[in-house]
Structure formats: C-alpha cells, structure tokens
Amino acid sequence: MCHPRPYGGSSSAEMVVGFASADDCAVKPLTSSAAKWGKRLFIGSILIEATVDNVQLYFSQFGYVLDVYLAKDERKMCHRGSGFVTLSDEISAEYTSQKIHRILGQTCQ
C-alpha cells in the first residue's frame, strides 16, 4: 500500500513549483520542536501532469493546506513527481498520512 509519509528533511535540489525565484522556493526543514515530523507530509509518485493546485485541492479535504512543495527538475522544467504538503495541524497530518491517496488517478505514496 502506498501513502504519504511524514518527512522533516530537505535537500538543496528540492524547490517549490509556482514561485518567482529560487530563494522563494527553498524547502525549509522543520524545527527541532517537530519531534513527530510535525505537519509536513512527503508525497511521492505524483503524475508529472499534476500541478500545485491539483495537489492543494486534493489535500484540502483533510484540513487547511499551508504549503505545497513539488521537487523541481531543472532539465525538464517540470516537477520530479514528488514533494511535500504542509497541513495546518498535526492531527490532520497524522490522519492524512494513514490514508491512500489518488491524485489525477495516480496512487501516491
């Protein structure tokens, strides 16, 4: 079974799709106070055709979505098929991480 899993790390290659500059796009790591991964969920296997809006609209059914980050592929000028969703509270994030998700017909992990 595939489902989003909480993730707290970041790398310099991960960028937000839909922001004006690379400085606006940097994925910021969660603070050390987020001992249980906090509110950020890693989402993998996202279709290349899916947009930030598609991902945000889908996850908004589980709670208020603060941010949607999609790892950008510099060579192809599109996202890599993975990213992060940050929900407004940890309860929603925990509940969401236990579900199987399909965005545009693709099961995400």
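At 48% relative accessibility, L104 counts as partly exposed in this predicted model, because the partly exposed class lies between the buried limit of under 20% and the exposed limit of over 50%. L104 is found in the loop that runs between β5 and β6, the latter spanning residues 106–108. Phi of L104 is near 55°, which is a positive value in a residue other than glycine. Most residues other than glycine have a negative phi. A further case is S45, with a positive phi near 60°. S45 is placed in the loop between β2 and α2, and its relative accessible area of 30% makes this residue partly exposed. A positive phi near 60° is also taken by M77, in the hairpin of β3 and β4, where four residues lie between the strands.

The protein chain contains three helices and six strands, and their order along the sequence is β-α-β-α-β-β-α-β-β. Of the 109 residues in the chain, 39% are buried. Among contacts with a separation of 6 or more, 67% are between residues 24 or more positions apart. The accessible surface of the chain amounts to about 6,500 Å², and carbon and sulfur atoms contribute 53% of that surface.

Strand β4 (78–87) pairs with both β2 and β3. The pairing of β2 with β4 is antiparallel and comprises four bridges; in this pairing R40 stands opposite T86 of β4. The pairing of β3 with β4 is likewise antiparallel, with seven bridges, and K72 has H79 in β4 as its bridge partner. Strand β4 is mostly covered, with eight of its 10 residues buried.

One residue of strand β4 is G83, which is buried at a relative accessible area of 2%. Leaving aside residues up to four places away in sequence, G83 touches L41, F42, I43, I46, Y69, L70 and A71. For the contact with I46, the C-alpha to C-alpha distance is 8.2 Å, and the two residues are 37 apart in sequence. A side-chain arrangement involving β4 (78–87) and β2 (40–43) concerns R40 and F84: the charged end of R40 sits over the ring of F84, at 5.8 Å from the ring centre.

Helix α2 comprises residues 52–59, of which V52, V55, Y58 and F59 are buried. These four residues lie on the same side of α2, because the arc they cover around the axis is only 135°. Exposed residues D53 and L57 are carried on the face turned away from the buried side. The cover over the buried residues of α2 includes the strands β2 (40–43), β3 (65–73), β4 (78–87) and β5 (101–103), together with helix α3 (90–97).

The structure holds five aromatic pairs. One of these is formed by Y58 and F59, with an edge-to-face geometry: the centres are 5.0 Å apart and the planes meet at 85°. Y58 is buried at a relative accessible area of 17%, and F59 is buried at 0%. Another pair is formed by F62 and Y95, whose ring centres are 6.2 Å apart; the planes lie at 50°, so this pair is tilted. The F62–Y95 pair links distant parts of the chain, as the two residues are 33 apart, with F62 in the loop between α2 and β3 and Y95 in helix α3. F62 is buried, with a relative accessible area of 15%, whereas Y95 is partly exposed at 44%. Y58, F59, F62 and Y95 together form one aromatic cluster. Two members of this cluster, Y58 and F59, also belong to the buried residues of α2, and the elements that cover those buried residues include α3, the helix that holds Y95.

How values were computed
Residues numbered from 1 in each chain as written. Predicted model: local features only at pLDDT ≥ 70, side-chain atom pairs only at ≥ 80, totals over all residues. Heavy atoms only, no water. Buried < 20%, exposed > 50% of the residue type's maximum accessible area, 1.4 Å probe, protein only. Arc of directions from axis to C-beta. Contact = heavy atoms within 4.5 Å. Pairing = 2+ DSSP bridges. Phe/Tyr/Trp six-rings, centres within 6.5 Å; stacked < 30°, edge-to-face > 60°. Lys NZ or Arg CZ within 6 Å of the ring centre and 35° of its normal. Areas by Shrake-Rupley, 256 points an atom, 1.4 Å probe, with all protein chains shown as cover.
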